[in-house]
Amino acid sequence: MKKRRLGNSDLEVSALGLGCMGMSHGFGPPKDKQEMISLIRAAVDRGVSFFDTAEVYGPFTNELLVGEALQPLRNKVVIATKFGFKPDPKGGTDGPNGGPKWSALASHPDHIKKVAEESLKRLRIEVIDLFYQHRVDPDVPIEEVAGAVKDLIVQGKVRHFGLSEASASTIRRAHAVQPVTAVQSEYSLWFRKPELEVIPTCEELGIGFVPFSPLGRGFLTGKVDEKTEYAENDIRKILPRFSAENRKENQKVVDLLTAFANEKSATPGQIALAWLLAQKPWIVPIPGTTKLHRLEENIGAADLVLSASDIEKLNEAASKLEVKGERYPEAMEAMAYR
């Protein structure tokens, strides 16, 4: 697996990481723990060194899974996790990620430091390689958030600071207090908002960019259509873009990827990932999967080179397509780009 450096930092990771959320949260019932441990270790065997989790996934169970899977391989991997939510003491299963309910955003400095201690234990590590603020908390100045993570870095409990779904102005303010190593946001051929301000800001400041949902939550693989049924606790069941009507309309995006894939003896998903990798040398997508054959397919995208001409043709064709449906319900989208 080729490697990439996240921005101007010294954090070098595999060109493709592995998003672990779906193994225990967000996309239906949690998968078998031992199978997922085997899958994570298989990813390491195949050169993947960058793993993404968060306390909110489960909650907590995904960090526990990742920690157990990677403990014997700690010296080969980079582990990223996140803070920024507060669990609802009353419980419930109608939270913002389609899973267990979390009562509020929470990024007060004392809370950040508490989360770091708990995540270190669950992940079975002595230092968090990359610690993201999961969503910007409008009640806590970003300078205080950056300052809290800076303290953790000084204490040797965190190596690098990251932001997720933050606006360009917030990234700048945070970076002035504690250099931001990576910004994580949704980015793919069917959601390109980061291109407007966030990616140019990352380029200017020397910050790496980590696209989540680089395969459009599975849609860009070509294995989803308007007849696909989702479990009640699958986040896609509440996403406007994933209504049956919109999936039917958005099939034209998959058709475009399929046409390019046929020319390259590849799959639609591989074209989608290769397109992202071709955008900038400091972009590191983190596709998630729970299947070994899909993991191997995704990894294959790292060796698929699209020429400047290929990218131009793909962009030109994609610009003529209108993606139907918002990516999130209004309340969830309101938490992004603050």
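## R294 and helix 10

In this predicted model, R294 touches K223 and T289, leaving aside residues up to four places away in sequence. R294 is placed in helix 10. Its relative accessible area is 16%, and because buried means under 20%, R294 counts as buried.

Helix 10 also takes part in enclosing empty space. Spanning residues 292-300, helix 10 gives the most to the lining of the largest cavity, with three residues. T289, a contact of R294, is itself one of the residues that line this cavity.

## The cavity

How many cavities of 30 Å³ or more does the structure hold? There is one cavity in that size range. The volume of the largest cavity is about 50 Å³.

The lining of the largest cavity draws on L16, G17, L18 and V48, together with P287, T289, L295, N298 and I299. Rolling a probe the size of a water molecule over the atoms is what shows where such empty space is left.

## Helix 2

Helix 2 runs over residues 61-70 and is mostly covered, with seven of its 10 residues buried. The buried residues of helix 2 are N62, E63, L65, V66, G67, A69 and L70.

What covers these buried residues? The cover includes two helices, helix 1 (33-45) and helix 3 (109-123). Strand 4 (50-52) and strand 5 (78-83) are also part of what covers the buried residues of helix 2.

## A261 in helix 8

A261 lies in helix 8, which covers residues 251-264. With a relative accessibility of 1%, A261 counts as buried because the limit for that class is under 20%.

Not counting residues up to four places away in sequence, A261 touches A266, T267, P268 and I271. For one of these partners, I271, the separation from A261 is 10 residues in sequence and 6.1 Å in space, C-alpha to C-alpha.

## D137, a buried acid without a salt bridge

D137 is found in the loop that runs between strand 8 (128-133) and helix 4 (142-154). D137 is buried yet has no salt bridge. Where is the nearest side chain of opposite charge? That side chain belongs to R338, and it is 6.2 Å away from D137. A salt bridge needs the nitrogen and the carboxyl oxygen within 4 Å of each other, so D137 and R338 do not form one.

A polar atom of the D137 side chain does lie 2.9 Å from the backbone nitrogen of D139. Apart from residues up to four places away in sequence, D137 touches L105, A106 and S107.

## Salt bridges between distant parts of the chain

Side chains of opposite charge can pair when their charged atoms come close. The count for this structure comes to 24 salt bridges.

One of them joins the side chains of K157 and E117, at 2.3 Å from N to O. This pair links distant parts of the chain: K157 is in the loop between helix 4 and strand 9 (158-164), E117 is in helix 3, and the two are 40 residues apart. K157 counts as partly exposed at 23% relative accessibility, and E117 is partly exposed as well, with a relative accessible area of 32%.

A salt bridge also forms between D129 and R159, whose closest N and O atoms are 2.4 Å apart. Here the linked parts of the chain are strand 8, which holds D129, and strand 9, which holds R159, with the two positions 30 residues apart in sequence. Is D129 buried or exposed? At 3% relative accessibility, D129 counts as buried, whereas R159 is partly exposed, with a relative accessible area of 46%.

The side chains of K280 and E203 meet in a salt bridge too, at 3.0 Å from N to O. K280 lies in the loop between helix 9 (268-279) and helix 10, while E203 is in helix 6 (residues 198-205), so this pair ties together parts that are 77 residues apart in sequence. K280 counts as partly exposed at 23% relative accessibility, and E203 counts as partly exposed at 45%.

Salt bridges can also share partners. In this way E165, E186, R217, R327 and E333 are joined into one network.

Technical notes. Residues numbered from 1 in each chain as written. Predicted model: local features only at pLDDT ≥ 70, side-chain atom pairs only at ≥ 80, totals over all residues. Heavy atoms only, no water. Buried < 20%, exposed > 50% of the residue type's maximum accessible area, 1.4 Å probe, protein only. Helix = DSSP H or I, 4+ residues; strand = E, 2+ residues; numbered from the N terminus. Contact = heavy atoms within 4.5 Å. Lys, Arg positive; Asp, Glu negative; His and termini not counted. Polar contact = N/O pair within 3.5 Å; in protein donor to acceptor, adjacent residues only side chain to side chain. 1 Å grid on protein atoms, 1.4 Å probe; cavity = no way out; pocket = protein on both sides within 12 Å on 5 of 7 lines; lining within 4 Å. Points joined across faces, edges and corners; volume = space filled by probe spheres on them.
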